[in-house]
Amino acid sequence: MTATDAPSQQPKIEWQTGLVKAIVAETSRVKSIILQPARWSGHWPGQHVDIRLTADDGYQAERSYSIASPPEERLLTLTVERVEDGEVSPYLLDELRVGDALELRGPIGRFFIWSRTCGGPICLVAGGTGITPLMAMLRHRRSSLPHIPASLIYSARSLADVVYRDELDTMARGDRNLRLAYALTREHPSGWNGHRGRVNAALLAENSFTREQNPTFFICGPAGFVEGISSMLVKLGFNPLAIRTERFGPTGA
Amino acid sequence: MDRPPVSRGFKSKRWPSEAARLPPGQYLTTDFPVLSAGPTPAIRVADWKIALQLGGSLLGKWTWDEFEALPQTTITVDIHCVTKWTKLNTVWQGVRFDDLLKTVGRSEPPDAFVMAHCDGGYTTNLPVADLVAGKAMIATRYEGLPLAPTHGGPARLLVPHLYFWKSAKWLRRLRFMPKDEPGFWESRGYHNYGDPWREQRYDGD
Ligand SMILES: Cc1cc2nc3c(=O)[nH]c(=O)nc-3n(C[C@H](O)[C@H](O)[C@H](O)COP(=O)(O)OP(=O)(O)OC[C@H]3O[C@@H](n4cnc5c(N)ncnc54)[C@H](O)[C@@H]3O)c2cc1C
């Protein structure tokens, strides 16, 4: 594989403060935090920021959060899920308030990004909050590249756990180039005619374009989920080099 | 540097007793998270070979059985991933870079830099100085067991004093080069050297 970007000495990505402008409850375990960074030179969909919290005794904790907002928007949206007993996510969900300053630096990452050069079609596969960077891609597509065929396969425990559901449904309605498939792993409403259970090879095959269309895959979610999906795609005959992955959280293994 | 602002209401949940072993911005984990750019390649040891290369010429090449017959070393080290987790006291077994050089009859490394090439097209660059003197090995066992594919098996580079992406998974070839060149992550926004103690995560750090 050849490097796509010229080796360069970039300036340091400095810490800055973002002002919390709004906090939106997305589901019972997920909130979106809308930030106004002090300075922002733009980002690619798929990139993340690092967040740093400092306690009054000087202790610091850093974590990464994907950017859910598209480059077209001036404010940054992060979407955070509560990890029980976590150090940072419960703070962001329960303690952080509108008007607070949050230290961040970014944008970070130049691989798990959808840029013009990858074109399309794109097939996005999300497990839980793994939807976050993929949402930035879909929002960017809606604003700037609606002609590019795309599909989203989104695995969640139940319909109530689907983040951005209204926005996704609205997006997919009336867009012939966008396919949307939910996989509900634990609970489904009565009469649910979508996929039940985990994402399997059949669901992937049905929603992922043909090999000849040469889709680029972006898979994001817990490590085990990403591992499972990417190996299914390789078995389905897709080019491993067209499969890009981002793993959140632990493996449990 | 200015002191960072205090985050209202944030209290540390942990001052780990091992705090001194945590580089800045890292947190302790007890499980073993996975980071890679794409699918995990399925590699059979029967088809596996590893090569040491200088420019276009081959310095050495080993099949799995030949590689297993090289002198083995076991080390216990802390590892630090750029995604912020640190794992203490991990035990690895493999062949030290020094022993590989010795095996091909080199007392001195022939060039100052190395590019590691892996299955899946992944590469990473390293100064030779960071590989010699017991600093690095090609690991084939983790905690006494064959290295799992998700963690880079059958063989990965292990350079524990740098961020863990430098410890390239699914290693197939080490190539000496006279000049430094960026590898995969290094040309995609990550730091060229990656010292966790200087928090060299990203380009420009
Ligand atoms: C590039 C990148 C992008 C990310 N983007 C997002 C994002 O958009 N939204 C988001 O919510 N998170 C995201 N994460 C995960 C995030 O960085 C934190 O790891 C997560 O919020 C947990 O941090 P914590 O401090 O609350 O928990 P910790 O204190 O770090 O962990 C507490 C316990 O929970 C376990 N744990 C940690 N993470 C998870 C998890 N994800 N699921 C289940 N158990 C876990 C740990 O092993 C530990 O036992 C991203 C991670 C990376 C590397």
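This is a chat about one residue in chain B and two domains in chain A of a predicted model.

Visitor: Hi! Any ground rules?
Guide: The model is predicted, so local features need pLDDT of at least 70 and side-chain atom pairs count only at pLDDT 80 or more, while totals for chains, interfaces and linings use all residues. Residues are numbered from 1 along each chain, chains are lettered from A, and side-chain values use heavy atoms, without hydrogens and water.

Visitor: Is D78(B) buried or exposed?
Guide: D78(B) counts as buried because its relative accessibility is 17%; buried means under 20% relative accessible area, with a 1.4 Å probe and protein chains only.

Visitor: Which side chain is joined to D78(B) by a polar contact?
Guide: That of R21(B), at 2.8 Å. A polar contact is a pair of N or O atoms within 3.5 Å; within protein, one must be able to donate a hydrogen and the other to accept it, and residues adjacent in sequence count only if both atoms are side-chain atoms.

Visitor: And what about N89(B)?
Guide: Its backbone nitrogen lies 2.9 Å from a polar atom of the D78(B) side chain.

Visitor: Switching to chain A: what are the domains?
Guide: Domain 1 covers 16-108 and domain 2 covers 116-252, with bounds from an automatic or database domain assignment.

Visitor: How far apart are their C-alpha centres?
Guide: The centres of domain 1 and domain 2 of chain A lie 23 Å apart.

Visitor: How many residues are in contact?
Guide: 16 residues of domain 1 of chain A are in contact (heavy atoms within 4.5 Å) with 18 residues of domain 2 of chain A.

Visitor: How many salt bridges cross that interface?
Guide: The rule finds 0 between these two domains of chain A, where a salt bridge is a side-chain nitrogen of Lys or Arg within 4 Å of a carboxyl oxygen of Asp or Glu. The rule does find 6 residue pairs in polar contact there, both at pLDDT 80 or more.

Conventions
Buried < 20%, exposed > 50% of the residue type's maximum accessible area, 1.4 Å probe, protein only.
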